[in-house]
Amino acid sequence: RKKVHRDYCKRDHGWSEENTYFLPNGKRVCRKCKVISYEKYLLKNPWAKHYASARGRCVATYNGSYKRYGGVGIKFLMTMKDFNYLWFQDKASDMEKPSIDRINSKGNYILENCRFIELSENVKQPHVGEKHRCAKMTEKEIMRIRLFSKKGVKNIVLAKQFGLNPSTICNIVKRRKWKHI
């Protein structure tokens with residue numbers, strides 16, 4: 001049977017360079033058809049977009065959030081089956097806006113450390129002080145910095161002692177950073 005070149009895809013979208021997408025197997029698909037099939041896939045597998053987002057934060061260096069996740073050593077060690085399991089365990093389909101959450105925010109993405117919670121609840125979680133996933137100092141160290149500063153120790157000396165930039169020491173002393181202590 002001879003292959004015939006068609007000017008339109010199977011859903012009658014026109015072929016052009018702008019709307020043609022080539023699959024890994026070499027077949028071409030119209031971009032509109034690809035979007036339609038992806039939307040159908042997401043209806044059957046709603047956890048897939050959460051999987052892709054979490055994986056991207058940890059693995060894809062071009063991702064805007066990489067520096068706060070993969071860049072600080074957080075690893076993505078889950079499979080799509082793990083996300084499927086969590087989705088049904090946590091009843092994420094009943095949630096208004098489900099969001100993947102790491103119970104220990106400094107831990108990796110592993111099954112035991114993840115859960116689905118409401119996005120509004122995830123945003124409310126504490127992100128200050130040493131509970132922040134990027135925190136380099138403890139509250140005790142902040143108190144010591146402020147105490148030494150009151151006693152007249154220079155910011156440059158404190159910066160060398162604590163391994164920080166002098167401007168960071170200045171911000172801690174003037175309570176621009178770590179205000180809550």
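Here is a walk through this structure, from the overall layout down to a couple of single residues.

Keep in mind from the start that this is a predicted model. The protein has seven helices and four strands. If you follow the chain along the sequence, they come in the pattern β-β-α-α-α-β-β-α-α-α-α. Of its 181 residues, 31% count as buried. As for how the chain folds back on itself, take the contacts with a separation of 6 or more: 42% of them come from residues 24 or more positions apart.

A good place to start looking is helix α2, which covers residues 48–59. Its twelve residues reach 16 Å from the first C-alpha to the last, close to the 16 Å expected at 1.5 Å a residue. Which residues of α2 are buried? They are Ala-48, His-50, Tyr-51, Ala-54, Gly-56, Arg-57 and Cys-58. What do they pack against? Two helices, α1 (31–44) and α3 (80–89), and two strands, β3 (98–102) and β4 (114–118).

That brings us to the largest nonpolar core, which has 17 residues. Those with the most contacts inside this core are Phe-76, Met-78, Phe-83, Ile-100, Tyr-109 and Phe-116. Helix α2 turns up again here, since α2, α3 and β4 each supply at least two residues of the core. Phe-76 is a handy one to zoom in on: leaving aside residues up to four places away in sequence, Phe-76 touches Tyr-51, Ala-54, Arg-55, Cys-58, Val-59, Phe-83 and Tyr-109. There is also a second, separate core of eleven residues, and Met-137, Ile-169, Ile-172 and Ile-181 are among them.

Now move on to helices α5 (residues 139–150) and α7 (residues 166–173). They pack with their axes 9 Å apart, at an angle of about 90 degrees, so the two are roughly perpendicular to each other. On the α5 side you'll find Ile-142, Ile-145, Arg-146 and Ser-149, which meet Ile-169, Ile-172 and Val-173 of α7. Sorted by type, the residues of this contact are five nonpolar, one polar and one charged.

Finally, have a look at two residues with an unusual backbone angle. Lys-91 isn't a glycine, yet its phi is positive, about 55 degrees. You'll find Lys-91 in the loop between α3 and β3, and at 54% relative accessibility it counts as exposed. Arg-175 isn't a glycine either, and its phi is also positive, near 60 degrees. Arg-175 sits in the segment after α7 and is partly exposed, with a relative accessible area of 41%.

Technical notes: Residues numbered from 1 in each chain as written. Predicted model: local features only at pLDDT ≥ 70, side-chain atom pairs only at ≥ 80, totals over all residues. Heavy atoms only, no water. Expected span 1.5 Å × (residues − 1). Buried < 20%, exposed > 50% of the residue type's maximum accessible area, 1.4 Å probe, protein only. Contact = heavy atoms within 4.5 Å. Core = buried A, V, L, I, M, F, W, Y, C linked by side-chain atoms within 4.5 Å. Axes fitted to C-alpha atoms, helices over the stretch in contact; angles between N-to-C directions. Parallel < 35°, antiparallel > 145°, perpendicular 65-115°, else oblique. Nonpolar A, V, L, I, M, F, W, Y, C, P; charged D, E, K, R; others polar.
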